[in-house]
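Student: I should like to work through this structure with you. May we begin with its sheets and then turn to the ligand?

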Amino acid sequence: MRVGIVGAGLGGLLTGAILAENGYRVEVFERLPFIGGRFTSISYKGYEVSTGALHMIPHGSKGPLARLLRRAGCRVEIVDSRPEAEIYWNGEREVLSRRSFPFRDLMKLNLEFLRLKFGRNRTLEEFGKGLSERAYLFMRAFLGWSLSVFPDQISFGSIVPIYRQTERYRGPGIPVGGCKAVVEELAEVIKSNDGVIAREEVTALKPGEIFGVYGKERRDYDVVVSNLGHKLTMELLGERYGEVKPESRGVKYTIALDEPFVGHTGVLFTLGMRIAGMNEVTNADDNLGKKHMLQAHQPLREGSREEILAGLKELREILKGYSYVIIAVQSYKGDWPVNRVMAGMKESNSTPYRNLYVVGDGAKGEDIEVDGVALGVERVLGELL
Ligand code: FAD
């Protein structure tokens, strides 16, 4: 079986690697001079500045992505975060635990599960109004950091699968070598199984029993997997996509520090701020930066300059007394968003064509970020293998 894969992002490479391991003839097309899309890094001023992801896998070595990497035969070491998370509020820091919030917040959470059972589903903003200020601000920071959404953009019901996955697989991990090590391993698996990764932009797709992929020339495949989300895939087919779901946007700040600020491998959630949280991945792998590399993430509704200036001001306040340089401020929207489809909005991996599938964060399973991408890939593999 021949499979053509459009886009060498994480979803495309993951699908390609496992299909190649299982005897498919795999050809991947990538329009950019590097592979990995929003899940790799570029060396800049001695730091591995990521093209998107904060070098973090939401459920670390136990989650769905780690499971698929093992299935693909990849040798990627994932350092699980210790502690998983800390909270920063009004200048004070505390390791996150159940005891971080009043008991009545837990009761309200259980009550909300009960309401959901009776079909009462409301936004997290509405649910959050009944919580203590600390719990509400934590929920807001968690959503901003993990999903780049605001509490009014997501319902309680759609966060439940993510909550369950987090209970099951726990918190994040950092791959040694960062995102780039993951995608390079996947590319290696494809190539070692006689697969090809070509630098070529796909300009059109032609459906049929044998699927045509047009780049520099037409090539034919039994199956095509698109890593571009449903909307762009339909555009390549010359068709319109019915309901375009909203993307999520954000801004990422990469900071070089002389001394560690976070000081561990987990997430520091920043409560009551525009910036939702930060991590310091050089605590897991000191090859990711020549000194200490701090990354802060801020969700955005619009790509607004004022919001970014306000985020920078917050950073200056948080890092008062530290010696640091901001080496990158990257804003994500449109063609290069935080998520092609906002968390909580369901998208299938199937298309109107039986031999065309979509993978990546435009067609995720119900989990956080790249672990959600992995669940979507797993569904496609279930159809093809
Ligand atoms: P994409 O990254 O979308 O790759 C698609 C590829 O297709 C690209 O390489 C593109 O160049 C190529 N392409 C497009 N059009 C064509 C064409 N016509 N022909 C050929 N090639 C084409 N996730 C986490 O799990 N942890 C995090 O810490 C995290 N932090 C994030 C922080 C930010 C600021 C951002 C932006 C994202 C973050 N994410 C995080 C999300 C994560 O990066 C994405 O969900 C994931 O990388 C998306 O992968 P994908 O498979 O959809 O592929």
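Tutor: Let us begin with a definition: two strands pair if DSSP finds at least two bridges between them. The model before us is predicted.

Student: How many bridges join β6 to β15, and how do the two strands run?

Tutor: Strand β6 covers residues 85-89 and strand β15 covers residues 267-270. Within this pair, Y88 stands opposite T270. Pairing requires at least two bridges; β6 and β15 are joined by 4 bridges and run parallel.

Student: Which strands stand at the edges of the sheet of 7 strands, and why is one side of each left without a neighbour?

Tutor: The sheet is open, has mixed pairing and follows the order β7-β6-β15-β16-β17-β14-β18. Each edge strand has a single partner strand, so one side of it has no neighbour in the sheet. These edge strands are β7 (92-95) and β18 (324-332).

Student: By what angle are neighbouring strands of this sheet turned against each other on average?

Tutor: The angle is taken with direction ignored, as an average over neighbouring strands of the sheet. Its value is 20°.

Student: Which helix touches β7, and what angle does its direction make with that of β15?

Tutor: Two helices may be considered here. Helix α9 (residues 305-318) lies across β6, β14, β15, β16, β17 and β18, at about 35° to β14. The helix touching β7 spans residues 133-146 and also touches β6, β15, β16 and β17. This is α5, and its direction makes about 120° with that of β15.

Student: What are the edge strands of the sheet of 5 strands?

Tutor: This second sheet is open, with parallel pairing, and its order is β9-β2-β1-β13-β19. An edge strand here pairs on one side only. The edge strands are therefore β9 (196-199) and β19 (356-358).

Student: Which helix lies across β2, and at what angle does it run to β1?

Tutor: The helix in question also lies across β1, β9 and β13. It is α1, running at about 165° to β1.

Student: What percentage of the ligand's exposed area does the protein bury?

Tutor: An oxygen atom of the ligand is 2.7 Å from a polar backbone atom of G11, and a polar side-chain atom of D361 lies 2.9 Å from an oxygen atom of the ligand. Taken alone, the ligand exposes 1000 Å². Of that area, the protein buries 96%.

Student: How many residues of the shell around the ligand are charged?

Tutor: In total, 32 residues surround the ligand, with G11, E30, R38, M56 and R340 the closest. The shell includes 15 nonpolar and 9 polar residues. The number of charged residues is 8.

Conventions
Residues are numbered from 1 along each chain as its sequence is written. This is a predicted model: local features need pLDDT of at least 70, side-chain atom pairs count only at pLDDT 80 or more; totals for chains, interfaces and linings use all residues. Side-chain values use heavy atoms; hydrogens and water are left out. Axes are lines fitted to C-alpha atoms, for helices over the stretch in contact, and angles run from 0 to 180 degrees between N-to-C directions. Contact means heavy atoms within 4.5 Å. A residue is near a molecule or strand if one of its heavy atoms lies within 4 Å of it. A polar contact is a pair of N or O atoms within 3.5 Å; within protein, one must be able to donate a hydrogen and the other to accept it, and residues adjacent in sequence count only if both atoms are side-chain atoms. Accessible areas come from the Shrake-Rupley method with a 1.4 Å probe; for residues, only the protein chains shown count as cover. Ala, Val, Leu, Ile, Met, Phe, Trp, Tyr, Cys and Pro count as nonpolar, Asp, Glu, Lys and Arg as charged, and the others, Gly among them, as polar.
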